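This report covers cysteines, aromatic contacts and one long-range backbone approach. The sequence and structure come before the details.

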Amino acid sequence: MSTVKKTAQGRRQPRRTLTAPVVEPIPGESLTSWIGAVAEQQDVKMRPLLRELHLDRLGGVSAAEMRLPDPAARRMEKLTGVDTERLHAMTLARYAGNALPHLPLLPADGVVVQQWHKGAWIHHSQARWCPKCLRDNTDRRWLLRWRLPWSFACVDHGVYMVTECQACWGTVRFPHDAPPEQTCGNWTDEGEWTHDLGQPCGFPLIMCQPVPVSDDSVLALQARVNAWLDGSPTHEDRQFVALAAVLIPLVSPSMVRRGDPLLQYALRSPRGTSQRKRDGRRPWTDSLRVAAAVCAADGRVRRSYAATEVAEWIADHRFIDHRRMPWHMDMAELAYGPALRPNPFVEPLVYRGLITLGGWL
């Protein structure tokens with residue numbers, strides 16, 4: 001071995017180990033949020049921490065948050081003291097049996113993961129949050145459930161989830177392999193076309209003012225969806241979620257005449273009337289639209305209507321609201337979406353021309 005290599009190895013800093021006690025995860029926290037809290041507590045950067053936890057071998061914390069292999073979970077348990085059961089509970093694999101069917105077994109399988117990402121109902125990089133929840137915990141922890149479109153309201157604080165920065169009204173996005181930012185990182189209009197003068201928005205996300213829920217039934221439905229996510233759903237729960245899934249792109253104002261008037265207003269707004277993607281967003285990224293679809297689905301399921309009767313009801317109300325444009329459902333969405341296979345409501349809607357298969361979203 002040359003003298004240069006010996007000298008370089010002699011100067012190499014020893015690998016730093018985590019000091020006990022390691023910060024504990026809060027109930028329902030996401031893996032990315034907790035690892036960010038560990039990095040802040042241990043005063044270590046994310047990249048060395050991921051190497052120490054062997055998460056860099058899995059493709060980073062973003063891949064590990066999908067499904068954490070047992071060897072990596074055992075190493076993390078040894079280094080942090082957090083048991084493997086809680087570590088697995090912080091990954092999206094806990095929803096693989098209901099909200100995220102066909103979750104890839106190997107996060108490193110690029111083709112399968114890409115196909116699943118295209119149709120899975122999950123916010124890959126777009127954030128939604130409850131500012132009051134972030135204010136309640138000093139470390140600003142983010143919950144795993146917020147990664148799903150099914151989180152449209154906060155039951156603890158009685159408010160709708162926030163999906164945009166209220167200063168620049170831009171979509172807040174997660175950084176790659178890093179904990180969620182505490183401030184909005186969108187570039188302002190003044191700096192969009194400049195090279196040196198542009199600055200990010202910088203608005204604190206905890207300062208966003210969420211809209212209160214005026215109808216208690218919306219919070220009751222969110223609690224029901226949360227129970228479906230974390231427990232064993234009944235047949236009626238599966239029917240309820242399946243109908244809500246197809247109603248999210250098809251819901252119209254006349255379907256939610258009763259209840260929270262904000263939902264009807266949101267559907268009548270220019271944002272609510274458009275089915276097209278806006279700034280890369282799909283209909284299920286809007287918490288108010290998801291809440292409206294869930295409310296409309298609950299009324300149909302409680303009356304035990306057949307799938308064909310539900311399709312007629314949807315067609316009639318969309319005709320009243322002058323919305324004849326069909327929803328173009330991608331085949332990947334049909335295969336990987338929540339409760340969309342099997343979904344008894346899809347075929348009647350396709351037959352009536354309200355949904356067309358094979359089109360791009």
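## Cysteines and aromatic contacts

The number of disulfides is zero, a disulfide being a pair of cysteine sulfur atoms within 2.5 Å. The model is predicted, so local features need pLDDT of at least 70 and side-chain atom pairs count only at pLDDT 80 or more, while totals for chains, interfaces and linings use all residues. Residues are numbered from 1 along each chain as its sequence is written, and side-chain values use heavy atoms, with hydrogens and water left out.

Two cysteines are listed below with their nearest cysteine sulfur. Buried means under 20% relative accessible area, exposed over 50%, and partly exposed in between, with a 1.4 Å probe and protein chains only.

| Cysteine | Nearest cysteine sulfur | Distance | Relative accessibility |
|---|---|---|---|
| C201 | C165 | 3.8 Å | 22%, partly exposed |
| C208 | C165 | 5.5 Å | 0%, buried |

Aromatic pairs come next. Rings of Phe, Tyr and Trp (its six-membered ring) pair if their centres lie within 6.5 Å; planes under 30 degrees apart count as stacked, over 60 as edge-to-face and the rest as tilted. The count of aromatic pairs is seven. One of them joins W129 and W142, a tilted pair with 6.0 Å centre to centre and 50° between the planes. W129 lies in the loop between α7 (110–119) and α8 (131–136), and W142 in the loop between α8 and β1 (153–154), so that the pair links distant parts of the chain, 13 residues apart. Helices (H or I, at least four residues) and strands (E, at least two) are DSSP runs, numbered from the N terminus. W129 is buried at a relative accessible area of 0%, and W142 is buried at 3%.

The pair of W150 and W228 is edge-to-face, because the ring centres are 5.6 Å apart and the planes stand at 80°. W150 is in the loop between α8 and β1 and W228 is in helix α9 (residues 216–230), so this pair ties together parts 78 residues apart in sequence. Both W150 and W228 are buried. They also belong to one aromatic cluster, formed by W121, W150, W228, W284 and W327.

A charge also meets a ring. The charged end of R224 sits over the ring of F240, 4.2 Å from its centre; the rule asks for NZ of Lys or CZ of Arg within 6 Å of the ring centre and within 35 degrees of the ring normal.

Finally, G59 is placed in the loop between α3 (46–52) and α4 (61–64). G59 is partly exposed, with a relative accessible area of 48%. C-alpha to C-alpha, G59 and D177 are 9.1 Å apart in space, with their positions 118 residues apart in sequence.
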